[in-house]
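This report looks at how two chains meet and at the spaces enclosed around them. It begins with the interface and then turns to pockets and cavities.

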Amino acid sequence: MLIGIVLFLFLAVILYDYNVYLNKVRVQEKVVYYSLMLISLCILLLQNANVSIPSPAEAIINALRALPGIQ
Amino acid sequence: MATEKITFHQSAYSIVLFCFGSSVIIGISSSANQDGWISIILATICIIPVFLMHARIIKLFPEKNYFEIIETVLGKKIGKIITALMLWYSVHLAALVLCNFGEFIQVFDMPETPKLSITILMILTTVYLARSGMRSIGKWSVVGICFLLFVVLFTFATSVHQMHFENLLPVMEASPSQILKSSFEIFTFPYGESVIFLCVADSFHKKDNPYRVFFLALAIVLPVFLTVFIRNLALLGLPMINASYFPSYIAVRIIEIGDFFARIESSISSNFILAGIVKIAICLLAASKGIVSLFGLQNNRVFIMPVGMLALALSSILYTSTMEMFIFLDYYMYYALPFQIIIPLGVWIVAEFKRRKKGQMINTPEDASL
């Protein structure tokens, strides 16, 4: 169900953006746009397919704990 | 890149709503227990030099955003690295607020609804607001602040008869180190987060004094934070505040006037939505400007949706529970310090040094040489 919602969201958003913004921009801008969308889509699909993705919060906490004086 | 300008009051009110963002609902730090009000005042005093620094940076580079300033001051290579760091912070902050919003709605209003569907609606709204431009955010802030101030004053006034002001006593029971730690927490969350405003500083009018903008914002934020803290503490008491994740909501929940007026806690949710939307929208706008600067592109409006989706994806993997979200808050002050203090301080010092070295105003056509 959630995977369906995510796919529908991305499809709707890209269709809308293509008509309103993307048909007027340069190739570099399109590349950056689609790359960011692809990263987000992959994270959301994996997360909703119950694939465990390491949380950045955990990494930040572990990195900070390694510093002296931070418990 | 032509940028929409916002008025003096719109700028100040956006900063106010940005500061309220999630702190309205999460509550102001209570690690200093009933002495939290001292921490709030102390944090406000400590943030003044930081706000002066932000204002000075804006004054030195009028109508430029933070990313342009960074590149001008630090050069292309270091500039790109710092831009990437600030871009990460903007997206992460948007994801954090989005996550707070999702957790809050799920815990209190819709426990059966998946968090993702709640955050999708929030992110689409904020993307729409951010794409409407800074002027729309400014207008939204003017309306939002009126409602927010009304709710804070109204909830305080209607709950006075239920308050136990003895909850504020004894004064200075917390140790000085506890008070200082709590001040540091408030200093980084929410005050320090206003560094994101530098990223949209190109929306400020050149004629508006940035010092006055920041001080007006601070003059509104401080009394409101104190009012909210005193209201929550006097209504709930310390044990209840420490036991609850969203003390403002719980505090307003118990307000009752006679037999006919109760359950006004939805006003707190409305406050959170009004302020949270501004905070996320500004973070998205900042991140989109960061992308444009990082990759040398032109139209930042195109990238508001992708950074919004990135924030949505990030918010879905950040925490697995509400408790985890609050554990991260304990580390947030250390994590945020480089973005909030070290980077702007470095930029400011280098800018001042180069300006003095050149012996001329920095905002002249010779800018490029800096």
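## Interface, pocket and cavity

In this predicted model, 32 residues of chain B are in contact with 35 residues of chain A. The two chains bury about 2,900 Å² between them, and 81% of that area lies on carbon and sulfur atoms.

Across the interface of chain B and chain A the rule finds 8 residue pairs in polar contact, both residues of each pair being at pLDDT 80 or more. On the side of chain B that touches chain A, at least two residues each come from helix H5 (76-108), helix H6 (115-132), helix H13 (266-295), helix H14 (304-318) and helix H15 (322-358) of chain B. Of these, H14(B) gives the most to that side, with 10 residues. Sorted by class, the side of chain B that touches chain A has 25 nonpolar, 5 polar and 2 charged residues.

How many salt bridges does the rule find across the interface of chain B and chain A? The rule finds 1 salt bridge there, whereas the count over all chains comes to 9 salt bridges. The pair that crosses between chains runs from B:Arg131 in helix H6 of chain B to A:Asp17 in helix H1 (residues 2-20) of chain A. In this salt bridge between B:Arg131 and A:Asp17, the closest N and O atoms are 2.7 Å apart.

Residues of both chains also take part in lining the second largest pocket, among them A:Gln47, A:Asn48 and A:Asn50 from chain A, and B:Glu103, B:Lys115, B:Leu116 and B:Thr119 from chain B. The lining of this pocket further includes B:Ser316, B:Tyr319, B:Thr320 and B:Ser321. Helix H2 (27-48) of chain A and H6 of chain B each supply at least two residues of the lining, and H6(B) gives the most, with 3 residues.

Turning to enclosed space, the structure holds 3 cavities of 30 Å³ or more. The largest cavity is lined by 14 residues, of which B:Leu96, B:Asn100, B:Phe189, B:Tyr319 and B:Leu329 lie nearest its centre. H5 and H15 of chain B each supply at least two residues of the lining of the largest cavity. B:Tyr319 is thus named both in the lining of the second largest pocket and among the residues nearest the centre of the largest cavity.

The table sets out the volumes and the classes of lining residues for these two spaces.

| Space | Volume | Lining residues by class |
|---|---|---|
| Second largest pocket | about 230 Å³ | 2 nonpolar, 7 polar and 2 charged residues |
| Largest cavity | about 100 Å³ | 10 nonpolar, 2 polar and 2 charged residues |

A last point concerns a single residue of chain B. B:Leu238 has its place in helix H11 (residues 238-243) of chain B. Leaving aside residues up to four places away in sequence, B:Leu238 touches B:Asn33, B:Gln34 and B:Leu233. B:Leu238 and B:Leu218, by comparison, are 20 residues apart in sequence, and their C-alpha atoms are 26 Å apart in space.

Key
Residues numbered from 1 in each chain as written. Chains lettered and ligands numbered in written order. Predicted model: local features only at pLDDT ≥ 70, side-chain atom pairs only at ≥ 80, totals over all residues. Heavy atoms only, no water. Contact = heavy atoms within 4.5 Å. Buried area = accessible area lost by both parts, 1.4 Å probe. Salt bridge = Lys/Arg side-chain N within 4 Å of Asp/Glu carboxyl O. Polar contact = N/O pair within 3.5 Å; in protein donor to acceptor, adjacent residues only side chain to side chain. Helix = DSSP H or I, 4+ residues; strand = E, 2+ residues; numbered from the N terminus. Nonpolar A, V, L, I, M, F, W, Y, C, P; charged D, E, K, R; others polar. 1 Å grid on protein atoms, 1.4 Å probe; cavity = no way out; pocket = protein on both sides within 12 Å on 5 of 7 lines; lining within 4 Å. Points joined across faces, edges and corners; volume = space filled by probe spheres on them.
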